[in-house]
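User: Walk me through this model, please. I want the reasoning behind each label.

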2 protein chains.
Amino acid sequence: MGDNKTATLKSIAADLGISVSVVSRVLSGKARQYRISVKTEKRVKDEADRLGFSPNQIASSLRTKKTLTIGLIIPDISNSFFSSVARFVEIEARKRGYSIILCDSQENTQMEIESIRLLQTRSVDGLIISPMGQIGDLLKGLFDGGLPLVLLDRYFPDVELPYVTSDNVQGALEATEYLIEKGHQRIACIQGRPDSSTSMDRVAGYRAAMEKHGVELDETQIVGDDFSERNGYVETKRLLQHQPRPTAIFSLGNLPSFGAIRAIAEEGLSIPEDISLLSFDDHYYSAFLAAPLTAIAQPKKEIGLFAVKLLCNQLAGNREVEGVSLATQLNERSSVRVLN
Amino acid sequence: MGDNKTATLKSIAADLGISVSVVSRVLSGKARQYRISVKTEKRVKDEADRLGFSPNQIASSLRTKKTLTIGLIIPDISNSFFSSVARFVEIEARKRGYSIILCDSQENTQMEIESIRLLQTRSVDGLIISPMGQIGDLLKGLFDGGLPLVLLDRYFPDVELPYVTSDNVQGALEATEYLIEKGHQRIACIQGRPDSSTSMDRVAGYRAAMEKHGVELDETQIVGDDFSERNGYVETKRLLQHQPRPTAIFSLGNLPSFGAIRAIAEEGLSIPEDISLLSFDDHYYSAFLAAPLTAIAQPKKEIGLFAVKLLCNQLAGNREVEGVSLATQLNERSSVRVLN
DNA sequence: TTGTATGCGTTATCAG
DNA sequence: CTGATAACGCATACAA
């Protein structure tokens with residue numbers, strides 16, 4: 001109902017016996033600017049309404065070279081951290097007139113690169129990407145070539161590109177200090193991909209806290225290589241087999257934390273009686289777990305909003321490279337035991 | 001590096017001193033069809049590679065009226081059910097050559113309608129939508145107007161439109177039967193939006209099981225009106241205040257289940273000792289909760305894949321309306337107590 | 001205040 | 001086997 005053959009500027013112009021340019025001007029809100037007569041303006045608008053006219057964004061894009069579209073590349077959209085961030089990215093982007101083309105890179109560098117190509121083919125105006133692989137140079141090339149871009153969650157220490165992340169160093173430092181204050185000394189750390197800034201910075205925070213408080217750091221207690229549940233499980237199993245056991249585990253991602261919980265349960269141990277656990281990245285449901293999980297919460301909403309904001313700055317012509325780290329928050333629950 | 005001015009068919013044609021048509025044919029894989037000489041074909045391809053040519057999808061879309069784009073409208077992408085489904089939608093769509101434009105309708109009918117308009121403006125080839133509001137007629141109009149469409153998770157009983165959901169009736173029936181088998185008779189049911197097929201069908205399954213087993217159904221035990229955590233919380237509180245209490249609660253969504261857990265804990269009661277809980281919609285972390293949650297798992301992956309499949313059927317010209325309900329699975333854990 | 005003409009990059013028709 | 005040429009729907013420089 002409404003559009004039989006889909007109205008176009010041309011068809012409206014024909015109906016009204018006027019030129020396309022006038023119709024175009026009115027319907028793209030430039031009536032004032034071109035001093036179109038109020039009467040014509042009204043005629044055009046009425047006719048457009050009557051036909052349920054909706055401008056063809058494709059045609060407009062071809063002409064203006066702007067698609068009002070942002071590419072969003074995420075390693076795993078079903079991961080609650082990313083889906084929350086993505087939500088706010090979408091909401092904020094739409095508020096600013098942009099649509100999101102979503103690509104799930106499936107934690108796979110190849111897919112990631114293909115996604116970038118795909119989005120280029122689709123002429124996105126800008127790109128927000130949470131990179132998995134070592135594609136800093138590729139991205140830098142695109143950025144320098146004029147593609148507005150912002151990294152999400154991860155960045156490349158040796159490549160200057162706009163990014164927005166949690167303050168991973170500070171967050172991990174606070175987490176570790178918290179454990180130390182509770183009397184823990186043998187604190188194991190299950191890291192994620194060692195080549196990701198996310199993991200590196202969190203480990204750095206962990207190290208900094210240990211050093212700051214003069215706690216001896218046993219390098220064999222920094223384990224793992226991946227943000228998966230499996231990694232958390234395997235490494236926790238291993239940690240539990242060596243005596244003396246750590247009294248606390250600091251797990252650097254929500255998935256590894258689950259792996260740790262599973263492993264600890266399987267060994268017949270309890271949190272926090274037998275071993276304490278603290279997780280980087282908090283969840284809605286952390287509070288409901290068998291051992292309500294003390295965790296570092298990331299500012300997902302702010303991360304999403306900021307990513308869009310930084311991108312829009314670039315879209316507006318501002319080419320200065322800006323990186324942002326947003327403050328985390330320690331949510332204390334009861335997975336950490338107070339020693340002595 | 002690579003593309004200075006971005007190569008086009010025209011520029012390649014000029015470089016090679018041949019016509020755009022030939023270049024177009026070669027680069028869109030129609031060399032054979034048009035019997036282009038192998039030599040020219042090679043020249044064109046080499047030049048395209050050299051310039052890092054990538055076809056302008058926008059221009060192509062304008063000409064062909066196909067954008068190779070699917071609109072995906074979701075009430076809340078940060079909800080784990082939807083983010084999982086969305087993931088598989090994206091993966092499957094991409095496999096078939098389509099990109100996803102994501103809209104989060106924020107559980108808001110107005111936003112939902114705006115999203116539809118927006119996606120039309122963007123000329124998506126088809127639409128996958130999990131509708132919140134009563135927009136069956138609107139969607140039916142679009143569908144009849146030729147827009148390929150599939151409903152996700154919810155459908156409209158009185159409007160014939162393709163859809164894919166879990167088998168909510170059967171799933172709820174099994175869940176309720178499970179509770180009955182465990183000796184429960186006073187089983188409360190916390191529903192979602194009463195105007196959603198999702199909630200209605202689950203309630204229908206609940207009723208069917210009660211009737212089938214001759215268990216008296218107290219209508220005051222069917223409560224709630226929303227899939228939110230808050231609703232689960234409020235209604236559980238209320239349920240717990242009236243004596244005799246239900247011995248079990250069947251919560252029809254993952255968020256209400258959390259609300260129920262919170263309310264039960266607040267009342268100083270335990271699951272399943274004091275009251276049993278069974279949730280429709282399962283989670284990765286259900287197993288780790290204080291009371292590992294017995295739940296009906298939905299086939300998220302299959303739902304996503306099927307939605308894309310149904311849409312692509314339509315895209316391929318098949319206009320028959322097909323609805324699909326996919327089997328759920330009861331994951332038994334330990335939130336349901338065996339009575340006597 | 002309005003109209004004309006051109007082009008964005010492709011595809012497709014029609015003619016060699 | 002190849003090449004003109006028109007058209008998709010819109011935006012805009014230039015005229016009037």
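Analyst: The points below go from the copies to the interface, the DNA and the fold.

Analyst: This is a predicted model: local features need pLDDT of at least 70, side-chain atom pairs count only at pLDDT 80 or more, and totals for chains, interfaces and linings use all residues. Residues are numbered from 1 along each chain as its sequence is written, while chains are lettered from A and ligands numbered from 1 in the order in which they are written.

User: Why are the two copies said to be related as by a two-fold rotation axis?

Analyst: Copies are superposed by least squares on the C-alpha atoms of residues with pLDDT of at least 70 in both. A turn of 180 degrees and a shift of 0.1 Å along the axis lay chain A on chain B, with an RMSD of 0.1 Å. The two copies are therefore related as by a two-fold rotation axis. In chain A, the residue closest to the rotation axis is A:Ala290, with its C-alpha at 1.6 Å.

User: What makes residues of chain A and chain B count as in contact?

Analyst: The C-beta atoms of the two residues, placed from the backbone, must lie within 7 Å. By that rule, 38 residues of chain A are in contact with 39 residues of chain B. α5(A) gives the most to this side of chain A, with 7 residues. The same surface serves both copies, since 100% of the contact residues of chain A recur in chain B.

User: How are the residues on the side of chain A that touches chain B divided by class?

Analyst: There are 19 nonpolar, 15 polar and 4 charged residues. Ala, Val, Leu, Ile, Met, Phe, Trp, Tyr, Cys and Pro count as nonpolar, Asp, Glu, Lys and Arg as charged, and the others, Gly among them, as polar.

User: How do you know that β2(A) and β2 of chain B pair?

Analyst: Strands are DSSP runs of E, at least two residues long, and helices are runs of H or I, at least four, both numbered from the N terminus. Two strands pair if DSSP finds at least two bridges between them. β2(A) and β2 (residues 99-104) of chain B have 3 bridges, in the antiparallel sense. A:Ile100 stands opposite B:Leu102 there.

User: What makes a residue count as near a DNA strand?

Analyst: Its C-beta atom, placed from the backbone, lies within 6 Å of the strand. For DNA strand C, 26 residues surround it, with A:Ser21, A:Arg35, B:Leu9, B:Asn56 and B:Ala59 the closest. α4(B) gives the most to that surface, 5 residues. DNA strand D is surrounded by 27 residues, the closest being A:Thr8, A:Asn56, A:Ala59, B:Ser19 and B:Arg35. Here the largest share, 5 residues, comes from α4(A).

User: Why is β1(B) called mostly covered?

Analyst: A residue is buried if 20 or more other C-beta atoms lie within 10 Å of its own, exposed if 12 or fewer, and partly exposed in between, with C-beta atoms placed from the backbone. In β1 (residues 69-74) of chain B, 6 of its 6 residues are buried. B:Thr69, B:Gly71 and B:Ile73 point one way, B:Ile70, B:Leu72 and B:Ile74 the other, and all are buried. β1(B) also pairs with β2(B) in the parallel sense over 6 bridges, and B:Thr69 has B:Ser99 as its bridge partner.

User: How does the radius of gyration of chain A stand against a compact globule?

Analyst: The radius is taken over C-alpha atoms, and the globule rule is 2.2 Å times the number of residues to the power 0.38. For 340 residues a compact globule would come near 20 Å, but chain A has 26 Å. Its C-alpha atoms fill a box of roughly 90 × 40 × 30 Å along the principal axes.
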